Amino acid sequence: MAAGAGLELVQVTKQYGHVTAVDAINLRIPAGSYCCLLGPSGCGKTSTLRMIAGHESVTSGDIIVGARNVTDLAPAQRGTAMMFQSYALFPHLSVIDNVAFALKMKGTPKATRHAEARKLLELVDMRAYEARLPAQLSGGQQQRVALARALITSPQILLLDEPLSALDPFLRLRMRAELKRLQRELGLTFIHVTHGQDEAMALSDLVVLMNGGRIEQQGTPREIFNHPRTEFAAKFIGGHNVINLGGESVAVRVDRMAVKKQTDAVDGPSVAGVISKIEYQGTYVLIAVTPDGGGEISVQIGEADLDRANYEIGERVRVTWNPAFASPLSPRPAATVPSPELVA
């Protein structure tokens, strides 16, 4: 298996007629890392992945894999492999022949390509199913076969287009752990498209949050969650309240806020309102407060705190927080400047 390669996108743009799907993005993904392109439908993440794979042409900009500019190369010449959302297995071929198909197209003898396919089926724990057809497999098993098929070309970068979306919640969690394990063991660079915040947080070394064809914010999962930079980032990642006080907008995590009785002393910024919801979530209680100016603020407290204070729906309270835990929010960032060493 080839070692992972780094990836760099330089001012990469994709236009479909007059519509700009990807708007001059710049991104550097270190070799051997797990990167998730995260964002809502239509944000440009899948178009970006398809341009990296070579399945979509680049309107302008450059794609660098390792030290090679692959912008104009065919998909098979890039050192990348794509695992599609639908898995795209050939229904008439057995598992082993599905996995070995790319080697067959290269003219590799049957015995050799089957030997390589069996190694990968062993890796994904599917060796016992090599004679079955795809229709005889579960969704999770089909995913493992698709993964083995993508790996047989020894790519430096594996591209995954929402690979867990077709699985039920329990299997999704299990396969999420499997993907991370394989990525670490193989040392490859994984680039994974998802609209699931939990998925991106659990898997990524690098989260790239996209919005409207541009990169809204990028960083480690902890950086993105603890320090969102824009209102969109705070709301999409979740677990935050966006609060406007005196013309300044800040994001505060719901678990770093407190609810105070009207008679309690409040030290720090606060917002008055009425409790509109109290939801028991097992390990915590979520209280929703509707401020006097409208909107909703969520506060996560412990079950014991709820019992002690005996909060009730309709009760007037104050919501407060430590200013040290507030992340100032900026307007949407402008397009980033390309790396100087790659601009000629």
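**Exercise 1. Glu162: buried or exposed? Say also where Glu162 sits and what is unusual about its phi.**

Solution. Keep in mind that we're working with a predicted model.
- Step 1: get the accessibility. Glu162 comes out at 12% relative accessibility.
- Step 2: apply the cut-off. Buried means under 20% relative accessible area, so Glu162 counts as buried at its 12%.
- Step 3: locate the residue. Glu162 belongs to the loop that links strand 7 (157-161) with helix 5 (residues 169-186).
- Step 4: check the backbone. The phi of Glu162 is near 45 degrees, which is positive, and the residue isn't a glycine.

**Exercise 2. Which loop holds Asn310, and what is its phi?**

Solution.
- Step 1: look between helix 9 (303-309) and strand 17 (316-321); Asn310 is in that loop.
- Step 2: read off phi. Asn310 has a positive value of about 55 degrees, though it is not a glycine.

**Exercise 3. Work out how helix 4 packs against helix 5, and which residues make the contact.**

Solution.
- Step 1: take the geometry. Helix 4 (residues 139-151) meets helix 5 at an angle of about 20 degrees, and their axes are 11 Å apart.
- Step 2: classify the angle. Angles under 35 degrees count as roughly parallel, and helix 4 and helix 5 are therefore roughly parallel to each other.
- Step 3: add the handedness, which is right-handed for this crossing of helix 4 and helix 5.
- Step 4: list the contact. Helix 4 brings Gly140, Gln143, Arg144, Leu147 and Leu151, while helix 5 brings Leu171, Arg174, Met175, Glu178, Leu179, Leu182 and Leu186.
- Step 5: sort these by class, and you get 7 nonpolar, 2 polar and 3 charged residues.

**Exercise 4. Do the same for helix 2 and helix 4: what are the angle and the axis distance?**

Solution.
- Step 1: helix 2 (residues 95-105) packs on helix 4 at about 30 degrees, with the axes 7 Å apart.
- Step 2: with that angle, helix 2 and helix 4 are therefore roughly parallel to each other as well.
- Step 3: helix 2 crosses helix 4 in the right-handed sense.
- Step 4: Val95, Asn98 and Val99 of helix 2 touch Val145, Ala148 and Arg149 of helix 4.
- Step 5: the class count for the contact of helix 2 with helix 4 is 4 nonpolar, 1 polar and 1 charged.

**Exercise 5. How many residues of strand 8 are buried, and which residues stand opposite Phe190?**

Solution.
- Step 1: count. In strand 8 (residues 189-194), 6 of 6 residues are buried.
- Step 2: split the strand by side. Thr189, Ile191 and Val193 point one way, Phe190, His192 and Thr194 point the other, and all of them are buried.
- Step 3: find the partners. Strand 3 (residues 34-38) pairs with strand 8 in parallel over 5 bridges, and strand 7 also pairs with strand 8 in parallel over 5 bridges.
- Step 4: zoom in on Phe190. It is the bridge partner of Tyr34, and Leu158 stands opposite it too.

**Exercise 6. In what order do the strands of the 5-stranded open sheet run, and which stand at the edges?**

Solution.
- Step 1: write the order, 13-17-14-15-16, with antiparallel pairing.
- Step 2: pick the ends. Strand 13 (257-261) and strand 16 (297-301) each have a single partner strand, so one side of each lacks a neighbour in the sheet.
- Step 3: note the twist, which averages 45 degrees from one strand to the next.
- Step 4: check one pair. Strand 14 (residues 270-280) and strand 17 run antiparallel, joined by 5 bridges; Ser270 has Thr320 of strand 17 as its bridge partner.

Note on methods
Residues numbered from 1 in each chain as written. Predicted model: local features only at pLDDT ≥ 70, side-chain atom pairs only at ≥ 80, totals over all residues. Heavy atoms only, no water. Axes fitted to C-alpha atoms, helices over the stretch in contact; angles between N-to-C directions. Helix = DSSP H or I, 4+ residues; strand = E, 2+ residues; numbered from the N terminus. Parallel < 35°, antiparallel > 145°, perpendicular 65-115°, else oblique. Left-handed = near helix turned anticlockwise from the far one by under 90°. Contact = heavy atoms within 4.5 Å. Nonpolar A, V, L, I, M, F, W, Y, C, P; charged D, E, K, R; others polar. Buried < 20%, exposed > 50% of the residue type's maximum accessible area, 1.4 Å probe, protein only. Pairing = 2+ DSSP bridges.
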